[in-house]
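Reader: Could you take me through one part of this model up close? I'd like to hear about the place where the two chains meet, in plain bench language.

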Amino acid sequence: MSDGGGAEGDLFRLWLEGARAFADSNAAGSAAWQRAEALHKAWSRFAEAFAEAHAARHSEPGASPLDPAGWLRPAGQGGMADLWRWFEGPELADILREEREAIRSTREWIAFSAALEQFRAVVAEGWMRAFKAFVERLSAELAAARDEKRPDPDWAQMTALWREVADAEMARTHRSDAFLAAQRDLIEAQIAVRGTLRKRIDRLAGFLGLPTRAELDDLHATVHALRREVRALRAGGGGEQGPDHER
Amino acid sequence: MSAGAESDRSVARMAELTRRMTRLARRLGESGTRQVEIATTPKDLVWRDGKVSLSRYRPVAEPHLGPMVIVHGLIGRATMSDLEPGRSLVERLVAAGVDTYVVDWGNPTRADRFLDFTDYADVFLGEILAAVARTSGESRAVIFGICQGGDFALCHAALHPHRLKGLALAVTPVDFHADVEDPEPTHGHLNLWTRSLDPDLIRRMVDDWGNLPGELTGAVFQNLAPARTVSKYSADLLEIAEDDDAFETFLRMEKWLADRPDHPGEAAKDWLIGLYAENRLVKGSFVVGGRPVRLGDIACPVINIYGLRDHIIPPPCSKALRRHLRNVAYREVEVPTGHIGVFVSRRAQQIVPPALVDWLSGLD
């Protein structure tokens with residue numbers, strides 16, 4: 001059974017145990033193994049100290065380049081955000097505009113996917129807690145039914161129990177700081193990726209002489225303003241604005 | 001219980017479940033070949049402006065109460081108050097002699113994204129009341145605002161205090177931050193979620209979409225009670241497979257839910273930022289038609305109906321209205337249902353129409 005690190009961790013531990021047994025089989029090998037272990041411990045202490053110092057300087061989650069959560073961050077300072085900016089390069093007037101936009105939309109799509117995964121993870125954790133709570137409640141209910149010599153709950157009762165437990169647990173999840181933050185990040189990421197894509201499509205539409213969304217919105221805004229003016233004029237001239245008794 | 005008896009029970013349960021599943025499959029197959037009708041109470045168009053229209057229900061007896069205009073919000077369609085014969089709020093009101101009208105906001109498209117609260121609460125409602133006055137011969141009418149439609153009605157009543165004979169509200173949020181007073185943890189998620197977003201983020205989100213898509217608002221509502229959403233199409237359906245009336249009601253409700261219009265963008269910003277996030281209605285700083293809406297200016301009698309188990313509009317958000325009115329007759333009606341149940345449940349049918357008719361009978 002894994003005690004951390006998942007299947008890869010188990011494999012690594014098995015490999016280490018095998019290596020240690022091999023080293024223990026002769027004196028020279030054993031000494032070499034001890035030196036290697038000492039070196040490994042020293043390196044681990046250095047890495048931990050470095051990570052702690054970095055975490056102190058980058059208190060926001062994902063802000064440190066050592067934190068994988070920051071590798072896909074779309075904005076901010078530090079981490080992969082700096083590297084992405086380096087990839088995109090400076091904004092130049094006449095060259096590399098399309099390439100820069102392509103890199104930006106790729107970055108934003110990756111960031112959106114990461115935000116979506118984070119959101120899903122928070123929700124999935126809620127469902128897992130709901131499932132655990134349901135199993136506990138159902139087990140207690142079945143045990144009580146046996147003790148009291150009454151029939152087990154039928155499918156309708158079990159469904160009602162599941163609905164009650166799951167909705168209560170999901171309500172807690174939906175009110176949690178983790179959910180609210182994941183929801184905010186997802187909306188931000190979605191706005192960014194849709195905005196960049198729309199800009200690229202609008203440029204293509206302009207190139208082909210097709211109306212862009214911005215142009216249609218301008219038109220609709222103008223029509224809306226004109227209709228208001230017509231209404232106001234009609235009301236001023238005895239039209240049908242407001243009930244008769246107020247005219 | 002012996003192992004044999006337990007085994008017999010399991011077999012019987014499986015047989016029962018199989019029988020219900022077969023029955024359900026047959027029902028679903030049959031219902032796929034016919035049209036489910038909703039909003040069948042006869043009515044006639046009396047006014048239209050673009051996509052917005054006003055209809056008058058055909059009286060079955062000489063109307064002696066009203067006129068009353070039912071105003072829904074932009075989130076669900078107006079057909080909800082007339083979902084099915086026998087359980088229709090409209091049908092009962094008309095039968096009781098109420099001269100009843102209903103506003104249909106239509107299906108807004110991108111061309112309507114700039115319509116805001118001023119258009120709906122001030123301009124359209126003003127023209128609608130004028131049309132009712134012309135049709136009925138009565139100079140003043142009652143507005144019956146439902147959910148967001150109640151906020152349109154509140155704004156209109158406060159800005160034009162002498163236009164209305166009375167103001168009826170149902171499941172209408174007034175204090176959008178009063179959800180914190182509701183002890184029920186499954187209530188008020190919409191309030192919390194919106195408050196957790198920066199107003200600038202909401203503005204950019206709505207601008208990004210243009211209009212709020214009906215699918216988006218539908219998904220948000222589904223997530224308010226996710227387990228119930230899942231069981232609705234599984235265990236609940238099996239439960240009602242044997243019940244003709246319940247299955248028919250389910251199909252009608254599904255038809256209403258599936259017809260979810262897009263919400264015009266600028267009105268969505270007023271709704272989500274001005275009301276949900278900044279709670280301006282109770283602060284007297286919500287501006288409609290260039291003027292701040294002051295609830296204390298409302299001058300007509302008010303009846304306020306709310307659902308005790310409403311997880312969408314928590315009861316304290318509706319009941320807060322009492323604190324903001326001055327010197328007007330105010331009546332509250334509590335219905336032991338959720339948001340939609342106030343209009344469609346059997347229990348509510350015994351409470352809401354009689355309460356409205358009784359209240360209307362007491363108006364000048």
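Author: Here's a walk through the contact between the chains, ending at one serine.

A bit of housekeeping: this is a predicted model, so local features need pLDDT of at least 70 and side-chain atom pairs count only at pLDDT 80 or more, while totals for chains, interfaces and linings use all residues. Residues are numbered from 1 along each chain as its sequence is written, chains are lettered from A and ligands numbered from 1 in the order in which they are written, and side-chain values use heavy atoms, with hydrogens and water left out.

Let's start with chain B by itself. You'll find 17 helices and 10 strands there (DSSP runs numbered from the N terminus: H or I of at least four residues for helices, E of at least two for strands). Of its 364 residues, 59% are buried (under 20% relative accessible area, 1.4 Å probe, protein chains only).

Now bring in chain A. The contact (heavy atoms within 4.5 Å) takes 54 residues from chain B and 44 residues from chain A. Together the two chains bury about 4300 Å², with 54% of it on carbon and sulfur atoms; that buried area is the accessible area (1.4 Å probe) lost on putting the two parts together, summed over both. On the chain B side, B:Phe114, B:Trp193 and B:Asp208 lose the most area to chain A, together 14% of what that side buries.

There's plenty of polar chemistry too. The count between the chains is 13 salt bridges (a side-chain nitrogen of Lys or Arg within 4 Å of a carboxyl oxygen of Asp or Glu). One of them pairs A:Arg234 with B:Glu127, N to O at 3.3 Å. Across the interface, 26 residue pairs are in polar contact, both at pLDDT 80 or more; that term takes N or O atoms within 3.5 Å, where within protein one must be able to donate a hydrogen and the other to accept it, and residues adjacent in sequence count only if both atoms are side-chain atoms. Several elements of chain B each supply at least two residues to the side touching chain A, including helix H1 (3-31), strand E1 (43-49) and helix H8 (226-232). The largest share, nine residues, comes from H3(B).

Finally, zoom in on B:Ser231, which sits in helix H8 of chain B. B:Ser231 is buried, at a relative accessible area of 4%. Beyond its neighbours within four places in sequence, B:Ser231 is in contact with A:Thr159, A:Arg163, B:Asp236 and B:Leu237. With A:Arg163, the serine makes a side chain to side chain polar contact at 3.2 Å.

Terms used: Buried means under 20% relative accessible area, exposed over 50%, partly exposed in between (1.4 Å probe, protein chains only).
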